[in-house]
Amino acid sequence: MILLILVLKYLLLLLICLFVLNVILNFRLGGKTKKAVLLAVSSGTAKVQPGEKWDLGKGVLLGRGSECTVKLPDPFVSSRHARIILQDGKYYVTDLGSTNGTLLDDQPLTAPQQLHNGSYLKIGGFVLKALIPEKEKAGRSLLLPLFPALILAAGGLELYWQQMLQYQDLGVLMAAALMLVISCYVVEYKGRGDPLLIQLIAVLSALGLILIYRVNPYYGIRQSYWVIAGFGLYWAIQLFLHEYKRLLNYKYTFMVLSLVFLAITILFGVEAGGARSWLSLGSFHFQPSEFVKIFMVIFLAGYLDENKEILRGGTLKFGRFYFPDWPYLGPLLAVCGLSLLLLVFQKDLGMALLFFAIFLVMVYIATDRSYFLLLGLGLFSAGTVLMYFIFPHVQNRMSIYLDPLEQIEGGGYQVVQSLFAIGGGGIFGQGFGSGFPTLIPAVHTDFIFSLMAEELGLLGALAIIGIYFILVWKGIQTSLQASDDFGVLMACGFSSILAIQTLIIIGGVTNLIPLTGIPLPFLSYGGSSFISNCFLIGMLYKISAEKESAEDLKAVADTVAD
């Protein structure tokens, strides 16, 4: 009996750790691939023996000159005879106007041609063979898509054992589990994008759902509906948004929507947690700033893509630096400054910090100008000091951050209980269902990480942080591989949202930085946050899928041309 109790309490931790391990072992993070080489089949001189190999890398220069990577000492070979370059993942060979020419598969090379695996080059008395390994695709996984259902089942068993699981709730929980598993299997076997993006958020969603239900079944059931709706929105994006580039035509529409949402919140919003950031429509409440962050990324990506050259080069000189002219820089600063000002009036300083950080990251990526970054950090420092003296709310948060124990009977109570919970978890945790979530106010929203660390321990906390790290890394990888600059900037902005938001809230509940009221993506309770983050992931997956489609079309075109 004791063994059964221990298994049920730690099965959730085991599944999360197994998921992370399975992700790593399933080659999702990439691995070593065989190098492309040039093999000497026959040689016209004793200085180069048949069987000698040269690594192609990003490209090589062939000839008998001293600067050549592939040195071919033969009087019939020119000093700079030919060049092989890597472009878009494929190798191309070009004759550099050599005296005796180059043969590619016994055909004279008169223009740049793609170098395929097994192609032969004849240069002077040398015959060289290209050995180019095919791009390895990650193998399909039968197990990874099952983990969301396994996590919900393991948590459900423990809740049933503790008589916390209500029979009337089983249908909704099973529907959420079915939505997660089906989504994971479809992207694994039928999708064109990176399936790990969906599998990672499905596991986070399943864990968040079971933790929220463990705190309060009412919120757990509501979160189940948001999970179903969020993944439904994800699929709507994949089915009805044929090209993400179409959003570029509506960048100013998203800008106007952002400002309107923030202005309406100031006029008609309700205050919660010290911030006037919620709109109430009867029994329905939502947080507009969660959607505004998505709209602003789309606007910034479109505007920066359109004006990046001017913003990067600059037209006005101040000392040693060139700055963009006001007609180009002004609208950008005006929109972002107004958005931040509206958030400050709402006292939603956590979201203001998130907006400002995203703005800095995207401008820096678009312009590659470090002085924008330095200027932004300077403005942030000045703004932080100003906010401290203007808002008592900020002063209170700062004093709690510096010494939460001094205010344990007041504003520091949440942070202190959070630290106690995290410290009490130890390495392996108290076991699922054995913590004390009622001691932390609003544990199902801002402090869900504290509950998880208490019941799943340091090992579980590190596993969850690892999942967020892989998710952000995948988002950045999607950005780097996007087929156009708009996709690069949009994927970068969305990845920044996930990374910065996770750092802000985990840093807050562990008292590494002052606490701000930002939910932990996919784990914390909240419909606005979950829906907006599902839209975010849907766009990342769309960018990833269109990149794969573009590669396939290019491969078909190359085949037809050959």
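**Salt bridges and a nonpolar patch**

Me: Is Lys 293 buried or exposed?
Reply: Lys 293 has a relative accessible area of 1%. The cut-offs are under 20% for buried, over 50% for exposed and partly exposed in between (1.4 Å probe, protein chains only). By that scale, Lys 293 is buried.

Me: Good to know! What kind of model is this, and how are residues numbered?
Reply: The model is predicted, so local features need pLDDT of at least 70 and side-chain atom pairs pLDDT 80 or more, while totals for chains, interfaces and linings use all residues. Side-chain values use heavy atoms, without hydrogens or water, and along each chain, as its sequence is written, residues are numbered from 1.

Me: Which residue forms a salt bridge with Lys 293?
Reply: A salt bridge here puts a side-chain nitrogen of Lys or Arg within 4 Å of a carboxyl oxygen of Asp or Glu. For Lys 293, the closest N and O atoms of the pair are 2.7 Å apart. The partner sits three residues away in helix H7 (residues 288-313), so about one helical turn separates the two. With 0% relative accessibility, this partner counts as buried: it is Glu 290.

Me: How many salt bridges does the structure hold?
Reply: Side chains of opposite charge can pair when their charged atoms come close. The pair of Glu 290 and Lys 293 is one such salt bridge. In total, the structure holds eight.

Me: How many residues apart are Arg 214 and Glu 455?
Reply: Their side chains meet in a salt bridge at 2.7 Å, N to O. Arg 214 lies in helix H4 (residues 195-215) and Glu 455 in helix H13, so distant parts of the chain are linked; helices are DSSP runs (H or I, at least four residues), numbered from the N terminus. Arg 214 is buried at 7% relative accessibility, as is Glu 455 at 1%. The separation is 241 residues.

Me: What is the N to O distance between Glu 546 and Lys 245?
Reply: Glu 546 is buried, with a relative accessible area of 11%, whereas Lys 245 is partly exposed at 32%. Their side chains meet in a salt bridge, and the N to O distance is 3.6 Å.

Me: Where is Leu 458?
Reply: Leu 458 is partly exposed, at 45% relative accessible area. Leu 458 belongs to a nonpolar surface patch with Ile 427, Phe 428, Leu 459, Leu 462 and Ile 465, together showing about 550 Å² of accessible area. Its place is in helix H13 (residues 448-480).

Note on methods:
Patches are made of residues with over 30% relative accessible area and no salt bridge: like charges are joined within 9 Å, nonpolar side chains (Val, Leu, Ile, Met, Phe, Trp, Tyr) within 5 Å. Accessible areas come from the Shrake-Rupley method with a 1.4 Å probe; for residues, only the protein chains shown count as cover.
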